[in-house]
Amino acid sequence: MGAREFTRGRRVVARLAHGGDLLEEIAAVAEEHGMRTAELRAIGALQAARLAFYDQSAHEYGEFTVDAPVELIGLLGNVSLKDGATFVHAHATLAGHDGACVAGHVAPGCVVFAGELVLQELVGEPLEREFDEVTGLALWRDL
């Protein structure tokens, strides 16, 4: 286990574009404000969603689709770099019309209905991801 210390930088709030892809919208805000490492949170609603669950034995994600409007109860995650590009890693909890919730790793294909994002910049040497042979995931390196 490793750790690195950061100081808090700027805090940016943004309204996510209706009809945009959730991950792409978050990455665009981070890039617009030059945030290479940040923590994030968001609330709102999605027109449709794609989530995933990581199979720890097979070392692969299994994705599932929510083809209905849902509330974005909470989105937590971070922004770092992967292969030199902005990479958003987030998990979401979603609720349908009956209040039943589903949660998972956010995959491309989450279509924003309305979203309110808060990005908290972390100032220091940017976190970068690289392949980890033990887990099969792209994890932060040098920690």
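# Cysteines, a core and a proline

Colleague: How many disulfides does a search of the whole structure find?

Modeller: This is a predicted model, where local features need pLDDT of at least 70 and side-chain atom pairs count only at pLDDT 80 or more, while totals for chains, interfaces and linings use all residues. Residues are numbered from 1 along each chain as its sequence is written, and side-chain values use heavy atoms, with hydrogens and water left out. To count as a disulfide, a pair of cysteine sulfur atoms has to be within 2.5 Å. Searching the whole structure on that basis, the number found is zero.

Colleague: Why is there no bond for C101, and how far is its sulfur from the closest cysteine sulfur?

Modeller: The closest cysteine sulfur belongs to C110, and it's too far away for a bond. So C101 has no partner in reach, because the gap between the two sulfurs is 15 Å.

Colleague: Which is it for C110, buried or exposed?

Modeller: Let's start with C101, which is exposed (over 50% relative accessible area, using a 1.4 Å probe on protein chains only; 20% to 50% is partly exposed, under 20% buried), with a value of 53%. C110 has a relative accessible area of just 1%, so it counts as buried.

Colleague: Which residues touch the most other members of the largest nonpolar core?

Modeller: A nonpolar core is a set of buried Ala, Val, Leu, Ile, Met, Phe, Trp, Tyr and Cys residues joined through side-chain atoms within 4.5 Å. This one has 30 residues, and β1 (7-16), α1, β2, β4 (70-82), β5 and β7 (111-123) each supply at least two of them. (Helices are DSSP runs of H or I with at least four residues, strands runs of E with at least two, numbered from the N terminus.) Those touching the most other members are L22, I26, L40, L75, V106 and L119.

Colleague: What is L22 in contact with, leaving aside its neighbours within four places in sequence?

Modeller: Contact here means heavy atoms within 4.5 Å. L22 is one of the residues that touch the most other core members. With those sequence neighbours left out, its contacts are L16, L46, L75, V106, C110 and V112.

Colleague: Which residues is P69 in contact with, leaving aside neighbours within four places in sequence?

Modeller: You'll find P69 in the loop between β3 and β4. P69 is exposed, with a relative accessible area of 64%. Leaving out those sequence neighbours, P69 is in contact with L46 and Q47.

Colleague: How far apart in space are P69 and R15?

Modeller: Along the sequence, P69 and R15 are 54 residues apart. From C-alpha to C-alpha, their separation in space is 18 Å.
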